[in-house]
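Please examine the fold displayed here and follow how its parts are held together. The account proceeds from one residue outward to the strands, the core and the aromatic pairs.

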Amino acid sequence: MGFEHFTMEQGLSANGVFDMLIDSRGFLWAATVNGLDRYDGYHFTVFKFDRQDTASLNQNGVFSLFEDSEGNIWVGNVEAGINKYNRNSGSFANYKPPQPANRYEPV
């Protein structure tokens, strides 16, 4: 699974934050150029793109966040579509538009 844990002292995965969300469960989510950060009040969990894991983020460049009425967290990426976070499995469903053959995929 493409995620890492950091303490509050270690901070966010990137200096630039494009969007933030406090969800209905009290988690703070931060959209960064280096992945999706979730803060539980003690630790950061950073979710990242992992080429070997189809249930990871589509891309590390995260720019938008939204929580729907059912508590699902939706994550918008710069070029790679959107992701829906599954709270039970800690994984993502990927919704990505068709891509041209041999397209460069940023890591």
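In this predicted model, tryptophan 29 touches a set of residues that lie more than four places away in sequence: Asp19, Met20, Leu21, Asp23, Leu36, Asp37, Arg38, Phe47, Leu65, Ile73 and Tyr85. Tryptophan 29 belongs to strand 3. Its relative accessible area is 0%, so the residue counts as buried. One of the residues it touches, isoleucine 73, is 44 residues away along the chain, yet the C-alpha atoms of tryptophan 29 and isoleucine 73 are separated by 9.4 Å.

The strand that carries tryptophan 29 can be placed within the whole. The protein has 9 strands and 0 helices, and from the N terminus on its elements run β-β-β-β-β-β-β-β-β. Strand 3 pairs with strand 2 (residues 17–22) in the antiparallel sense, over 5 bridges. Within this pairing, leucine 28 of strand 3 stands opposite isoleucine 22. The two strands form a hairpin with 5 residues between them, and in the turn glycine 26 has a positive phi of about 90°.

A second hairpin is made by strand 6 and strand 7, again with 5 residues between the strands; here glycine 71 in the turn has a positive phi of about 85°. Strand 6 and strand 7 run antiparallel and are joined by 5 bridges. Isoleucine 73 in strand 7 stands opposite glutamate 67. Strand 7 also pairs with strand 8 (residues 82–86), in the antiparallel sense and over 4 bridges. In that pairing, valine 75 has asparagine 83 of strand 8 as its bridge partner.

These pairings lead to an open sheet of 4 strands, in the order 6-7-8-9, with antiparallel pairing. Its edges are strand 6 (62–67) and strand 9, each of which pairs on one side only. From one strand to the next, the twist averages 25°. The loop between strand 8 and strand 9 holds serine 89. This residue has a relative accessible area of 41%, so serine 89 is partly exposed. The C-alpha atoms of serine 89 and alanine 55 are separated by 9.7 Å, although the two residues are 34 apart along the chain.

What does the largest nonpolar core contain? It has 12 residues, namely Leu21, Trp29, Ala31, Leu36, Phe47, Leu57, Val62, Leu65, Ile73, Val75, Tyr85 and Phe92. Strand 3 (28–32), strand 6 and strand 7 each supply at least two residues of this core. For the protein as a whole, buried residues make up 44% of the 107 residues. Among contacts between residues at least 6 apart in sequence, 43% join residues at least 24 apart.

The aromatic residues offer another view of the structure. A pair of aromatic rings is described by the distance of the centres and the angle of the planes. With ring centres required to lie within 6.5 Å, the count comes to 8 aromatic pairs. In one of them, the rings of tryptophan 74 and tyrosine 95 have centres 5.8 Å apart and planes at 35°, so the pair is tilted. Tryptophan 74 lies in strand 7 (residues 73–77) and tyrosine 95 in strand 9 (residues 91–95), so the pair ties together parts that are 21 residues apart in sequence. Are the two partners buried or partly exposed? Tryptophan 74 is partly exposed, at a relative accessible area of 23%, and tyrosine 95 is partly exposed as well, at 40%.

The rings of tyrosine 85 and phenylalanine 92 form another tilted pair, because their centres are 5.1 Å apart and their planes stand at 50°. Here tyrosine 85 is buried, with a relative accessible area of 5%, and phenylalanine 92 is buried, with 6%. Ring pairs link both residues with Trp29 and Phe47 into a cluster, and these four residues also appear among the members of the largest nonpolar core. The account thereby returns to tryptophan 29, whose contacts include Phe47 and Tyr85.

A further arrangement involves a charge and a ring. Arginine 38 lies over the face of phenylalanine 27, at 5.0 Å from the ring centre. Arginine 38 is also one of the residues that tryptophan 29 touches.

Methods
Residues are numbered from 1 along each chain as its sequence is written. This is a predicted model: local features need pLDDT of at least 70, side-chain atom pairs count only at pLDDT 80 or more; totals for chains, interfaces and linings use all residues. Side-chain values use heavy atoms; hydrogens and water are left out. Rings of Phe, Tyr and Trp (its six-membered ring) pair if their centres lie within 6.5 Å; planes under 30 degrees apart count as stacked, over 60 as edge-to-face and the rest as tilted. Buried means under 20% relative accessible area, exposed over 50%, partly exposed in between (1.4 Å probe, protein chains only). A charge sits over a ring if NZ of Lys or CZ of Arg is within 6 Å of the ring centre and within 35 degrees of the ring normal. Two strands pair if DSSP finds at least two bridges between them. Axes are lines fitted to C-alpha atoms, for helices over the stretch in contact, and angles run from 0 to 180 degrees between N-to-C directions. A nonpolar core is a set of buried Ala, Val, Leu, Ile, Met, Phe, Trp, Tyr and Cys residues joined through side-chain atoms within 4.5 Å. Contact means heavy atoms within 4.5 Å.
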